[in-house]
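Reader: Hi, can you walk me through this one? I'm new to reading structures.

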Amino acid sequence: MAEFFQATLAFPAVLFTFLLVVCVGYWLLTLLGAVDVDEDAGDLLGALGFGGVPLTIALTLTIVVGWFLSLVGTVLLAGLGTGGRIVLGTVVLLVAIVLALLVTRLMVTPLRAVFHSGPVASRADFVGRTCVIRTGTVTGDFGQAEVHAEDGSSAVVQVRQAGEDDLRAGRTALIYDYDTDGEFFWVAPVETHLKD
């Protein structure tokens, strides 16, 4: 165990050991609720491929991977003299930093979906939009229509009508409400021609 602690306090691992202690302290404070996880990695780290995840997570991953790699390098350099250890230790430090950034970039990719901070789409977003009926008819218990979202994407949704209007395939209807229990939209016909 003493050899492990000596390796963590030898160059180049000692630089990452200090940063790792800071990270552990930060995450302990986060668990206790004293600090919050920041929102995004920002422009600089976003340019490195870390965008879409909190800065603290990207930095922690980089520090942990860099610490491990530099620790391995430190152990491998243990038998060298002081001059050789400093020169090769600097090379190990640079390699550990580059590899840590690359590994973190790979690890961050699947995490982006977890920390997606864009607007959350809701079925209520379709209320007030027009749709095109896609089934032969729409009744009080049957019907489908195609509706376009604000971003241009389209969806086929379940629709129902309260009256006896002629809502058949190709007709345009207005979505005026969403039934959360039945998971369908209420629609009414839209007059496409002005009457004199």
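Author: We'll go from the overall layout to the charged pairs and the cysteines. Keep in mind that this is a predicted model.

Reader: Okay. How many helices and strands are there in the protein?

Author: The protein has 5 helices and 5 strands.

Reader: What pattern do they follow along the sequence?

Author: The pattern reads α-α-α-α-α-β-β-β-β-β. The helices come before the strands in that order.

Reader: And what do the strands build?

Author: A closed barrel of 5 strands. The order around the barrel is S1-S2-S3-S5-S4, and the pairing is mixed. On average, neighbouring strands of this sheet are turned by 55 degrees against each other, ignoring direction.

Reader: How do S1 and S4 run, parallel or antiparallel?

Author: Antiparallel. S1 covers residues 130-133 and S4 covers residues 172-179, and 3 bridges join them.

Reader: Which residue in S4 is the bridge partner of Thr130?

Author: Leu174 is the bridge partner of Thr130.

Reader: Switching topic. How much of the protein is buried?

Author: Of its 196 residues, 30% are buried. The exposed surface is about 12,500 Å². Carbon and sulfur atoms supply 65% of that surface.

Reader: What about contacts between residues far apart in sequence?

Author: Take the contacts with a separation of 6 or more. Residues 24 or more positions apart account for 54% of them.

Reader: Now the charges. Why would charged side chains pair at all?

Author: Side chains of opposite charge can pair when their charged atoms come close.

Reader: How many salt bridges are there here?

Author: The count comes to 4. One of the pairs is Arg129 with Glu150, whose closest N and O atoms are 3.8 Å apart. This pair links distant parts of the chain, 21 residues apart. Arg129 is in the loop between helix H5 and S1, and Glu150 is in the loop between S2 and S3.

Reader: Is Glu150 buried or exposed?

Author: Exposed, because its relative accessible area is 74%. Arg129 counts as partly exposed, at 27% relative accessibility.

Reader: What does Glu146 pair with?

Author: Glu146 meets Arg134 in a salt bridge, 2.8 Å from N to O. These two also link distant parts of the chain, 12 residues apart. Glu146 is in strand S2, while Arg134 is in the loop between S1 and S2.

Reader: Why does Glu146 count as buried?

Author: Its relative accessibility is 19%, and the cut-off for buried is under 20%. Arg134 counts as partly exposed, at 45%.

Reader: Which residues are linked in a network of salt bridges?

Author: Asp166, Arg168 and Arg171. Within that network, the closest N and O atoms of Arg168 and Asp166 are 3.3 Å apart. Arg168 is partly exposed, at 39% relative accessibility. Asp166 is partly exposed too, at 41%.

Reader: Last topic, cysteines. What is a disulfide, again?

Author: A disulfide is a covalent bond between the sulfur atoms of two cysteines.

Reader: And how many disulfides does the count come to?

Author: The count is 0.

Reader: Then where do Cys23 and Cys131 sit, buried or exposed?

Author: Cys23 is buried, with a relative accessible area of 9%. Cys131 is buried as well, at 1% relative accessibility.

Reader: Great. Quick recap of the fold?

Author: Along the sequence, the helices come before the strands, and the 5 strands form a closed barrel.

Definitions and conventions. Residues numbered from 1 in each chain as written. Predicted model: local features only at pLDDT ≥ 70, side-chain atom pairs only at ≥ 80, totals over all residues. Heavy atoms only, no water. Pairing = 2+ DSSP bridges. Helix = DSSP H or I, 4+ residues; strand = E, 2+ residues; numbered from the N terminus. Axes fitted to C-alpha atoms, helices over the stretch in contact; angles between N-to-C directions. Buried < 20%, exposed > 50% of the residue type's maximum accessible area, 1.4 Å probe, protein only. Contact = heavy atoms within 4.5 Å. Areas by Shrake-Rupley, 256 points an atom, 1.4 Å probe, with all protein chains shown as cover. Salt bridge = Lys/Arg side-chain N within 4 Å of Asp/Glu carboxyl O. Disulfide = S-S within 2.5 Å.
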